Amino acid sequence: MAAKIIKDGVYAVGVVDWNERHFHGHTYVTKRGVTYNAYLIIDEKITLIDTVRKGFEKEFLENIRSIVDPSKIDIIVINHIEPDHSGAFPEVLKVCPNAKVYGTEKARSGLLKYYGVSGNWTAVKSGQSLKVGKRTLEFIDVPMVHWPDSMFTYCAYDKVLFSNDGFGQHYTTNKLFVDEVDFDVLAEEAQKYYANILWPFNMLVASLLVSISKLNLAIDFIAPSHGLIWRKHISYIMEKYFYWSAHKCKKRIAVVYETMWDSTKKMAQKIIEGITSEDVEAVLFDVTKNDRSDIVSYMLDAKGWIFGSSTHDGEMLPVIAGFLHFLKGFKAKGRKSFAFGSYGWSGEAVKNIEDTISNITTFDSSFKVVFNPTEGELSKCFEAGKSFALKIKNEE
Ligand code: FEO
């Protein structure tokens with residue numbers, strides 16, 4: 001995609017990876033692709049904010065060249081060194097070897113480890129700023145949004161917050177701003193992005209949001225390094241970040257299961273019927289048929305989590321085992337759960353589930369059945385779903 005103007009002197013020069021379907025290895029299915037955003041500021045000093053993923057250098061430099069000769073870049077700001085943003089840095093540095101580079105000290109050491117180069121580096125931290133002409137760039141440390149090296153860069157002149165991984169979405173389009181696309185779809189992708197990228201760091205995100213609020217920044221644009229730029233709905237996404245990082249939840253329930261001979265599936269279906277009888281929102285996920293990144297997006301603000309697995313060779317089934325190991329990394333708080341499942345002769349799966357994630361949710365009244373559930377046992381599943389829904393509904 002060609003460079004695009006955000007406002008006078010400020011350009012989006014990043015690239016679009018339309019068909020990238022697996023981000024962060026295979027942890028995150030990006031069904032709408034990925035963008036690697038970078039920004040160019042034309043002032044007395046020509047400033048590049050972030051780069052793009054390796055493999056896109058040629059297109060990236062062409063985008064810059066459509067605005068200015070890349071060799072004339074005076075300043076490169078590195079907000080974050082993860083390879084999706086820094087991969088093109090060595091090639092950019094070859095084109096403008098005398099550019100001054102600004103970022104955190106952790107970013108410098110990380111770039112040296114990744115690429116063996118960091119350029120003419122100046123380490124910066126919160127409270128420091130850099131005059132680039134009529135504009136002054138202010139740096140804000142945001143460790144763990146999304147790595148220890150991360151920072152935001154704010155330009156008061158243009159009222160732009162260059163937020164790198166913060167406030168992103170994995171959403172590709174030929175549009176530039178969030179208000180130019182279907183907002184419901186965009187919001188769904190922003191939630192999935194938060195769940196998969198920032199949820200594990202809720203405590204830090206919450207405290208950074210408070211610190212940033214205290215700065216009283218005038219913000220007309222939030223320009224992240226993934227997805228579309230927020231020039232509208234800024235209070236919407238800010239409020240969402242406050243909400244998610246505070247572990248707040250809706251009264252809704254995720255039922256996630258894996259089944260071997262359909263007995264656990266029959267139990268799951270009765271459980272969700274019971275939940276439905278109390279008119280509480282719920283979704284049933286067969287973990288073998290849904291991507292884990294979509295399931296955790298729903299679970300991010302679901303108060304109730306129910307898990308089911310058949311027992312196989314004394315263990316829970318392997319796909320749900322992998323899912324629960326993935327889930328426990330999110331360090332959730334304040335959830336309610338029970339586990340269920342069918343078994344033949346030993347029935348360890350229910351306890352395996354509880355043991356795996358008891359650090360992030362509270363289990364109560366888990367149960368299991370032998371072989372195929374009887375009508376009476378299916379009624380018990382219905383009642384378990386109903387009474388769990390009542391607990392979620394009546395929660396303060
Ligand atoms: Fe988009 Fe943490 O990299």
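## Helix H10 and its surroundings

The buried residues of helix H10 are covered by elements that include helix H5, strand S17 (250-258), helix H9 (292-299), strand S19 (302-309), strand S21 (315-316) and helix H11 (349-357). The model described here is predicted. Within H10, which spans residues 318-328, the buried positions are Ile-320, Ala-321, Phe-323, Leu-324, Phe-326 and Leu-327.

Leu-327 can be followed further. Once its neighbours within four places in sequence are set aside, Leu-327 is in contact with Val-296, Met-299, Trp-305, Phe-307, Ile-357 and Ile-360.

Two of these names recur in the description of the nonpolar interior. The largest nonpolar core holds 95 residues, and Phe-307 and Leu-327 touch the most other members of it. Helix H5 (residues 183-198) contributes the most to this core, namely ten residues. Both domain 1 (4-245) and domain 2 (254-391) supply at least three residues each to this core. Another core, of 23 residues, lies apart from it; Ile-49, Val-77, Val-160 and Phe-221 are among its members.

A sheet is described next. Seven strands form an open sheet with mixed pairing, in the order S1-S2-S7-S8-S9-S10-S11. Strand S1 (4-7) and strand S11 (120-123) stand at the edges; each has a single partner strand, so one side of each is left without a neighbour in the sheet. On average, and with direction ignored, neighbouring strands of this sheet are turned by 25 degrees against each other. At the S11 edge, strand S10 (residues 100-103) runs parallel to S11 and is joined to it by four bridges. Tyr-102 stands opposite Thr-122, a residue of S11.

The cysteines complete the account. How many disulfides does a search of the whole structure find? The search finds zero. Cys-155 is in no disulfide, and the nearest cysteine sulfur, that of Cys-96, is 20 Å away. A disulfide requires two cysteine sulfur atoms within 2.5 Å; therefore, with the nearest such sulfur 20 Å away, Cys-155 does not qualify. Two cysteines are compared by accessibility below.

| Residue | Relative accessible area | Class |
|---|---|---|
| Cys-155 | 1% | buried |
| Cys-381 | 0% | buried |

Buried status applies under 20% relative accessible area, so Cys-155 at 1% counts as buried, and Cys-381 at 0% likewise counts as buried.

Technical notes. Residues are numbered from 1 along each chain as its sequence is written. This is a predicted model: local features need pLDDT of at least 70, side-chain atom pairs count only at pLDDT 80 or more; totals for chains, interfaces and linings use all residues. Side-chain values use heavy atoms; hydrogens and water are left out. Buried means under 20% relative accessible area, exposed over 50%, partly exposed in between (1.4 Å probe, protein chains only). Two strands pair if DSSP finds at least two bridges between them. Helices (H or I, at least four residues) and strands (E, at least two) are DSSP runs, numbered from the N terminus. Axes are lines fitted to C-alpha atoms, for helices over the stretch in contact, and angles run from 0 to 180 degrees between N-to-C directions. A nonpolar core is a set of buried Ala, Val, Leu, Ile, Met, Phe, Trp, Tyr and Cys residues joined through side-chain atoms within 4.5 Å. Domain bounds come from an automatic or database domain assignment. Contact means heavy atoms within 4.5 Å.
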